Each structure stands twice: as C-alpha cells, then as structure tokens.
Amino acid sequence: MKTVEEIKAAIEAAVPGAGVEVVHNPGPSGQHSLRLDPSHAVEVAKFLRSDAELAFDFLSNVTGVDWPDREVTEKVRVTRPVTRTVDGVEQTVEETVEETRKHVERGCLEVVFHLFSIEKKHGPLVLRMRTVNRTDQVELPSLTPVWRSAEFQEREIFDLYGVVFKGHPDLRRILMWEGFKDHPMRRDYVEPDDFDYEPTAHDEVLARAKAHQAALQAAAVGHEGTGAD
Amino acid sequence: MLGEGILKGLAETARNFVGSYVSKERLTTVEYPEQRIAPIEATRDFPFLVYDGKDWDAGLRCVACQICEKECPPKCIFIEKSKDKKPDAVGKQQFYPARFDIDISVCMSCQICVEVCPFDAIKMNTEFELSTTDRFGGLLLDRQQLAKSNEYYHEIHPTEASGVDARLAAERAAAEAKAKAAAEAAAAKAAAAAASSAAKPAGGEA
Amino acid sequence: MTKIGTKLGFGRKKKPEGWNRPPVIEQTSEGELLEVAMGPHHPSTHGVFRMNLALDGERVIRLKPEFGYLHRNHEKLGEGQSYLASMPYTDRLDYLCSLTNNWAYALAVEKLTGQQVPERAEYLRVILSELTRFQNHAGTIGFLMQDMGCSGTPLMYAFREREKILDLFEELTGSRMMCNYMRFGGCRVDATPAWLDATRKVVAGLPAFLDEFEALLRSNEILMARTQGVGILPPDLAVNAGITGPLLRASGVNYDIRKVDHYGIYDRFNFKVPLGDHGDVYDRFMIRMLEMRESLKILDQALKEIPGGPVVDPKAKIRGFRPKPGEAYGRIESPKGELGFYLISDGGPNPYRYRVRPPSLINLTVLEDMSLGQNVADVVLILGSVDIVMGEVDR
Amino acid sequence: MVEKLDQIFVLLSHWLVGFLPAGLQQAAGIVIGVVVIVCLYPALFALAVLMERKGLGRMQNRYGPNRVGPYGILQPIADGIKSLTKEDIVPLSADSAVHFLAPIVVVVASFMGFAVLPMGRNMVLVDMDAGLLFYFAMGASTELAVFMAGWSSRNKYSLLGAMRAVAQMISYEVPLLLSSVAVVMITGSLSLTKIVSAQNAYTGIFPHWYIFTPWGFAGFLMYAISTTAETNRSPFDLPEGESEIVAGYHTEYSGFKFALFFLGEYVAMFSISGLGTTLFLGGWSAPFSFLTWIPSWIWFFSKLMLSICVFIWLRGTLPRLRQDQLMNFAWKFVLPLSLINLLVAALWRFLGEGWQRWVFCSAILLIAYVFMGLQEARSDHFGPRSYRYAE
C-alpha cells in the first residue's frame, strides 16, 4: 500500500483544495492518519473508493472520539529586555525567562474512519474529521452514501457522541431510546442518579440513588403540603 | 431430489436414537444432583482468601494493599485497611484487612484479582453451590467466609498451589537469607563498631 | 348468572379505547399493510432484538431493526478502567466466542505497545480460536435449523460437540464461556501436555460429527427449498455495506482476514477459503459447514507443530501497564466477521478511547435489503443466517 | 378363551348394560362407549406426550423428562396439574366468548371422529354406512375452531397463524379425501367396518392390507403427508411455527385452555392415524395369519401408536416448510399424484388378477412420482450445489 503521504498527494491531485493533513501516530503501530476537511470529505471519500490503485471499497470501522476543552499549561521561554544594574552601571540585557502560560484549547468531536480494500487487500487507511466545537457546530458530512457500512455506525456516533451527520438517510438514536437527552460517550457525561440501580452493599451508586429518592420524596411531601393549602 | 435427503436425515436421527442408549459419547448429559462430573482442576468461580496455619484470622496472607480492589473490573471487592499492624504467619509485622468483603452477586469470576495479587493471598474457589434466599446479605461474603486454609487450596488446585508454595518458600528463603545477611552485616558492623569503639578508649588509654 | 359469565371471562371489563381498531397501518394500492413488531421477546430474534415489519399478507414490505435493549456502554466501561480490566468484559461481547474476542483485544493492545508474542502462545491462540470458530459455526447452524423448525435436533448435536470443546476450554482457562485467557503479550497459563492430548482426541472426533451433520442436513429437500434463493446478498452490496465473515464469503467475495492480514501465525497453515456463488441462506449455511472442515485442518497442523517455550512475553507487565501515547486498530477474523478494536492511548493506565467494531451490528446493515419481498418465515431464516449475538450488537 | 379376550370390552359392556331395563339398554351402551373413548384417549394423549418428549430427547441425545416418578412417567400428570393451576389469561381486547369456545370446539370436533372408527372386532361405537363421510365432516370442523381461536385473540401472530392454518387445512383436505377415495373405490363401501373386513384376509401368511398394493402404498404416502399437514405436525407445523409466529393461533391461550388445544391436537392425531390404520393398514387385523390369536384391539392400538412414533420421528428430523411451498406441495404435487392414484386404483380394479397389473400400476405411479418430483425441484430452482475454494 502507498504511504499516507503518497495518498495525501494523490487526493490533493484528484480533489483540488481538499485540505488533507497527515496526523502522525507516535505509537509503534504506525497507523498514521489523514485529517480531512469536512467540506470536501465526500468527494475525497468517493475518490478513495473509486481510484483504481487505492480502491478502498470497504469501510470497516467508524467511530467517534471526544476531545473536551482542556486547559493547557505550558512553559514558554521568553526572551525580553531587562534593565539591570551590573557593576554599578545600568544596562539593558536580553534575558530568557521561563513563564507559565495557560490557555483553553477548544475541544471538538472527532470521527475516525478505518478503510480497507477488499479488492487490493490492503489497509488500513485512517481518516479523521473534526467538528468545530462540541456544542453547537457538531455537523459533519455523512459518508453513508459512499459506504453503506457507515449507516449504523454513524447512527451510533450520533447517539453516543452527538455528531450530526449531514446526508445520512436515517439519523436516529440507535442504542439509547428515543427521547434520551444526553450523549453518554462524551467524557463530561454525568450519569443520572435516578436509574434503576442494582443495589450492592457498598456501592456509591446506592448512596446516590438513596439521596435521589429522599429528594424526590421530600419534593412530593412539599407538593402535597401546598396542595392541602 | 426425490426425498432421499429426507430419508437420509431420518436414518441419522434413528441412528442417534439408538446410539443414545448404547454409547456414552452421545448422551453427554450428567444428571446433576446424583451424578457429578469429575472436578476440573483449572475451574474457577469466586475468589477466596488463603490463610496459612490453623487460625484463619492470624494466618491471612492478605496485607490489605488494595491492589485487587483497584483492579477489580466490576468493583466487587471492598477492603478496609487496618490501622495497626500485626504479625503474619511468619511473624513479620504487617497491615491486615480490617474488613474484606466480596459481593459475589457482582463478581464476574475473571480472576484478575488473583493475577494482580503480589502476595498470593487471593485465589479462585471451585465451590459453585452458593444459592441463597437472601439476595443481598447472603451473597456478600465477609472476611471469615472468604478465608480458606492453604490445605483447602491444595485440595482444589493441587498443581497451582504447590507452585505457589514453592515460590513463596523460595521468596521466604531469599528474604530470610537476605535478612540473615543483613543481620550478619549489621552484626559485623556493630561488632566492628564495638571493636573500634572498644579500641578507641583502649587507644585513649594508651 | 352474570357472576358465572364473569368467571368464564365474558364481558368482564370495559374494553380499552380503540380496541376494535383493525391492525392496519396503511392502505396501499395493493391492499392493507399489517405492522408486526417481531421482538424484543420473540422466540427467534436471538436475544432482545426487534424488527418492525410492515407486511402485505406475509410478504415483507419494510423492515426496521431496533436494538439497544442490551446496551451497557461497554466502550465507556473500557475507558474507565485499566487495559487489563477490559479483558474479561470482552468475553461478554460475543459470549459464544470469548476467546476470539480476547485475541482481538490482545492484538490491538499489542499493536499499540509493540509487544511480541511467544511462539507457543501464538499456537495456543490459533488452536483456541479455531475451536471457538468450530463451536460457533456448529451452534449457528443449529440455531438456523431451530429457526427453520427442526425442533432442536441439529442444535442438540451441535451442542453435544460444543460441550466437548467447552470442557477443553474449562480445563485450560478455568471457565467454559467467559475464558478471559489471553493477555497482552501471550496467554495467561500454559497448556499441559495432557490438555494437548485431550484436544487432539476431541479434534480427531469432530470430522465424524461433521459427517453426521451433513448427512442430516446437507441434502435435505425441505432445507434446500427453504434456503436456496432466500435472502440473496449481492457481492457489491456486501462489500459496500461492510459485511464480513461467512456472510461476505457466501456472496462470493474472497476476503478472509486470516489470509489477508496473516495476523498471529496464520501464514504457516495450509487452509482454503470456501466461497459461495449465490449469496443466499443455503450458501451461508454451507460456507459455515465447509469452514468448520478448514478449521479442523488448521487445528490438525497447529496441534502437530506446537513448539515448547514460554506462553507470555517475560517483559509483559500485569500491574502498572501504561502504553505510550498513540493509537492502534487491531482486527481479527472472528467467527462472526471482522472483529476490531480501536484504542487510543494518552499514556495513562486507562485507554483514552476504547472502541469495538462489532461484526454482528454491521452485518445487520443489510438485513432489510435481504428481507424485502420475502416471507415472514424467511426473515427469521435470514436473521439466523446473519449470525448475531446481541451482546455484541448492543454492547 | 382367545375369542373371549378379543371381545372382552364388548362382553363387558353387554354385561354392564344387562343390569338396566331393556328400553335404556341401547342408549346406555352408547353412553358407556362414549365414556370409554373420552377417558381412553386423554390417557393415550398422556402416554403420547411422554413418548414424544422421551423419543425426541433420545433422538437429540438427551434423556428427556426423567424426574417426575420412575423414568419420568408421571411427567404428563405434572404437566396437567401445572396447566390446571396456571392463570387463565384472556386478552382485554379479545372477543372473550369466541376465545372461550374455540378450545372446546377443537376438542369436541376431534373426539367426534372416534364414533365411527372400528377399534377392534365389533368394537365400533356407531357402525355408520357413510362412516368415512361422517369422519371427514367432523374432521373439517376443527378448522373452524382454529380460525375462531386466531381471530378472537386479536393478536397479529394469532391471526397469521389462523390464516395459515385454514389455508393449509383446507388445501390438504383435498388430497386426504382423494387418497381415501381410492380405498372406497376398491372396497365399494364407505363403511369403515366393511373396509377393515375387506382387508382381513391372508395369502399364505401375508395379509391383504391395501398398503401392500401399488395404489395403496402411494395412497398411504399421500394420506400420511396430508395427515401430517392436517394435524399441524412438523414439517407442516406452520400454523404454530414457534420460530416465526410465536405460537400461531394459540399464542394468547394459557393454562387449561392451552392444554385443551394441546389435547385436541393429539386427539386429532390419534383419530386420523386410526383412520389411516383402518383404510390402509388393515385396521384391527393381525399382520400375519399366525398372529390372529392376539386380540384385535391390541393390533389396532399398536398400529396407532406406531404411527404416532412416525410422527415423532418426522418431527425430530425435519425442518418446516414455508407457506407458499406448502401450498405448492399440496396443489402441485400431492393432489395430482392422488388423482393419478385414483386412476391407478381404477385400473387395478379392472385389470384383473395377475402380475401384469402390479408392474403396470407401479410403473405409472413411479414415473409420475419421479417426473413430478423433479418438476417440483426445477420450478423452485433448488438442488445440490458445489463450492469453490480460494487459497
């Protein structure tokens, strides 16, 4: 199989302005990936599927990854002029100072595709796409029209991560029930404390559930009280 | 195409019908309460705590390091570490589990606790007739219920147990040797120090 | 009088609103459609699975699968605990083939860390996963026949052999189904020579079972009439929809990950990949039948050649296992299809992302395509021939 | 003595009736007969259920029930007690009157057939001249009951099951009748006692059963196929195909009503096997001339139980057909063959004695069978396949 760099070149030749980036994988698996620009993703996907040499006709795995907002603390070496008295003479000296800077890196939802070729028997080619943020701009183009195998997996990502796939024929929740609000696979998901727990003697779930029931009961009593009035 | 496949199938079921009366190979069912299959050595179901010697409380190998509690995938182990130390089977001062509960209604018999235990203190039992009418209390085994003697361990997993014993003995011997060496070294040092201190005043006197 | 009437069950309660509404959902030019919810508690949906069918007579006009009844967020669990602690949970994905699940996960982690697996462990893995494949295929055919109304006879024969294989598993791994046997960089315990001999004995007895199974089923006219030409899956659709495993090969696509990836040591064994030409239920049944014979071939070779040595990489760590940052996708040919694990490590003790690519779920993508225009009775067969385990579909 | 043993039930009945005044004697005789039948067949039902469970178990390499009583023989009693003590659930939206009546109609209709079956020499409740006709009339009314059950339950599976059942039973009624007509043609009588006595003769030691003639053999096969379909037994158990439509028309029945359906199914199986025995297997006549000393009713019931065993054997082996295939099989295969069989029976009658008619009749039937069997396979495009391998 071609290397990711070669594939990148091929894509850029075929789809002008595709905006493909190589993402290096530091681990020993050597599965480097290509990050696609969502606006050209479908064209790139079509190219990858139909190109005679690449022939990625089999989309094996589609999955989401949640990258929450995170505070990055980095130490930066800054060089700045300092006025200082050296040997009784005031001088301006360039000095390197270490400074800690904090900034919040905006999180995003990422979708990862693993492609193989059944015809050429090579792979995997890893593709990634990122949403703009994790809250309101979570739309990505659906690759289901190109590879049917994405159908259920994209539904699953929609269900568990909340990525909205544009162009998906039937985007509904798949594992959670209709009417469920949250996206459980996100890293900041908080489990509700009112589910039917399986009580075990030492479980913190039990404590939480008890607290929840007590709160409910208190609320009910309060409600009754107002009703009597 | 004219029913010979069906006839073949009928012959096959007839053969099995007769075969189930003739051959033990075919009729694999064991009629459980009366008959039992021979115990398989590697079988595992729920964990127990091994103790050495006669007294279960004193002999528990567990030192409440809580690694198993941390590693347990379904989080069914609950350990409270003791505040004080008491001598273990060989007389070394150790922490001990003031409380050690396993909720076997949650346990999934994966034996990861056994693998991560550095002290060979927790092992898998083969006792499976554990049904109880008490859903919560009856399935929460405490320290005493979990404690089983090393002899029992030898009985259910003989090969594994002798391996563990050999390893422990080797470790103990090594530790003893080390301790002995250390003690000897200390003694030698002390002796040397004593000698030198003895020499000093002597020298002073001289 | 009224009292007796009530006792017998006449006119006792007020009927609910709309009780006499005919069970019709829509009118079409051809007639009325009947909506039937097959499942979640239906005898042959292989677990809690539901198909919303729209029927014209008994012909299927629409089929929408619904799942999630067994959802326990396996992937979230995996992200909240150490790498090793996920291993016993993989047993519970496809609970019929815990050993192949173990292998897939171990393979993905080994790709993530670059660990090497000792020779003997590789052989043991092959032996165990081929035994798993055998018992899974035998069971699947049994269940398929059960769906066809065989009153359990083939299933019981399959289970009789499965029993022997599970006994082997128990003897080696300590558990019959939830084996939790493979470790990153090898296997948990070594097989004794006695175990290997027992395995050889069992494997030597399996061809007789296959002959019996074939005599019972292969040329049965009713079976052929029921399955041939039913649930046809064209190869191009199969590839596009990511179908893997026996389902794909029954459609005539030559793709077996054992042959393509040569993971483990599969390149050392001499075996063939049976392919179907029609892609119908009969082909899927026969492909599984033939794959069992090929598995026996691999088993014979592996049991003959298995070398001595350690079964686990001596450098492998049980406690304090922290892979370097990176990601890996490892996949194997599980009995159901391509089972993949995708892991992202951030250097911590827990995986940052732990993803299972479940073959059962993705193979269901084409369920509707295969079932349209078929009979209700065929839908059951088609579902049975896909071979799903809900533990894996819902995760 | 042999004679006495053969007629023991008849004599017993006469003896009992003898205590009553002459005017009541005939009625009392019938009542006794009815009571005996109504008690005997449920007992046989219990036995058959046990046999089925044990036999299926052994075919599947299991023990079958063996916990209740020695060798599990009390299992049917335990089952009966269980079904009596279970809650009887009627769906809220069901048509409760029809829902209630359906199991009763099934059982009653199934029992009616026994009125005309000769269960031994002189052991027939009503020796009707048109016995066969009466039998089929009664047998057909179980269809009504099945449809009542399916319709009244207001369950989609029940409805599908009922539709299947009615279609299937009506379709298979035709070949069932036609294959019996061949017997009527040869015997020249619709009376079942006459049909049995026509077969109760021997050449050497071998009996003159109709199954040992070409037309009789073919007729028996057709009859057996139709019977299996008529009683909803595997491989024709589509109306209750549990893997497809849960339990078909009795999905919404529980407790004793379900047990009644179960009973009705088995009683129908007994009566239709009894009829088959009467028509083709010589009824109560002994299989060899030197065995005639064994009481006739023993022969009848052993043949009956033997055919039940065949039912069980089939159930343990075969998968189920599909609805359209079932219909095709009825109308395109069984029906034409039954018609040809009628022709063959006529030929048999008019060709006279001699080996020619054996060869001629067998040849016609064999050719027809092979031709139509292959035709069937060709029209459905099925057959054995071979597979290719990739390296």
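1. Let's start where two chains share a strand pairing. In this predicted model, strand β7 of chain C, residues 273-275, is joined to β3(D) by three bridges, and the two strands run antiparallel. To find the spot on screen, look for Leu275(C), which stands opposite Arg388(D) in β3(D).

2. Stay with Arg388(D) for a moment, as this residue turns up again. Arg388(D) forms a salt bridge with Asp277(C), and their closest N and O atoms are 2.7 Å apart. Across the whole interface of chains D and C, the rule finds four salt bridges. There are also 17 residue pairs in polar contact between these two chains, counting pairs with both residues at pLDDT 80 or more.

3. Now zoom out to the interface as a whole. Which chains share the most contacts? Among the five pairs of chains in contact, it is chains C and D. Here 44 residues of chain D touch 71 residues of chain C. The size of an interface is often given as the accessible area lost when the parts come together. For chain D and chain C that buried area is about 4900 Å², with carbon and sulfur atoms giving 55% of the total. On the chain D side, Arg385(D), Tyr387(D) and Arg388(D) lose the most area to chain C, together 15% of what that side buries.

4. It is worth asking which parts of chain D do the touching. Seven stretches are worth colouring: the elements of chain D that give two or more residues to the side touching chain C are α3 (22-59), α5 (96-112), α7 (156-187), α10 (242-245), α12 (296-317), α13 (323-351) and β3 (388-390). By class, that side of chain D holds 20 nonpolar, eleven polar and 13 charged residues.

5. Chain C also meets chain B. This contact takes 33 residues from chain C and 31 residues from chain B, and the buried area is about 2600 Å², of which carbon and sulfur atoms give 54%. Which three residues of chain C supply more of that side's buried area than any other three? They are Arg160(C), Glu221(C) and Arg319(C), with 21% of the area that chain C buries against chain B.

6. The polar links between chains C and B can be listed in the same way. The count is three salt bridges. Arg26(B) forms a salt bridge with Glu212(C), where the closest N and O atoms are 2.9 Å apart. The rule also finds 17 residue pairs in polar contact across this interface, with both residues at pLDDT 80 or more. On the chain C side, α3 (83-91), α6 (153-173), α7 (193-217) and α8 (221-227) each supply at least two residues. Of the elements, α6(C) gives the most, with nine residues. The side of chain C that touches chain B divides into 13 nonpolar, nine polar and eleven charged residues.

7. One pair of chains stays apart. No contact joins chain A and chain D, and their closest C-alpha atoms lie 14 Å apart.

8. Finally, a word on confidence in chain B. Its mean pLDDT is 81, and 92% of its residues reach 70 or more. Where in chain B is confidence lowest, and where is it highest? The lowest mean, 75, belongs to helix α7(B), residues 158-205, while strand β6(B), residues 122-124, has the highest, at 88. Over residues 202-206 of chain B, pLDDT stays under 50, and the model has one contact beyond four places in sequence for them. Where pLDDT is low, the predicted coordinates should not be read in detail.

Note on methods
Residues numbered from 1 in each chain as written. Chains lettered and ligands numbered in written order. Predicted model: local features only at pLDDT ≥ 70, side-chain atom pairs only at ≥ 80, totals over all residues. Heavy atoms only, no water. pLDDT = per-residue confidence, 0-100. Helix = DSSP H or I, 4+ residues; strand = E, 2+ residues; numbered from the N terminus. Contact = heavy atoms within 4.5 Å. Buried area = accessible area lost by both parts, 1.4 Å probe. Salt bridge = Lys/Arg side-chain N within 4 Å of Asp/Glu carboxyl O. Polar contact = N/O pair within 3.5 Å; in protein donor to acceptor, adjacent residues only side chain to side chain. Nonpolar A, V, L, I, M, F, W, Y, C, P; charged D, E, K, R; others polar. Pairing = 2+ DSSP bridges.
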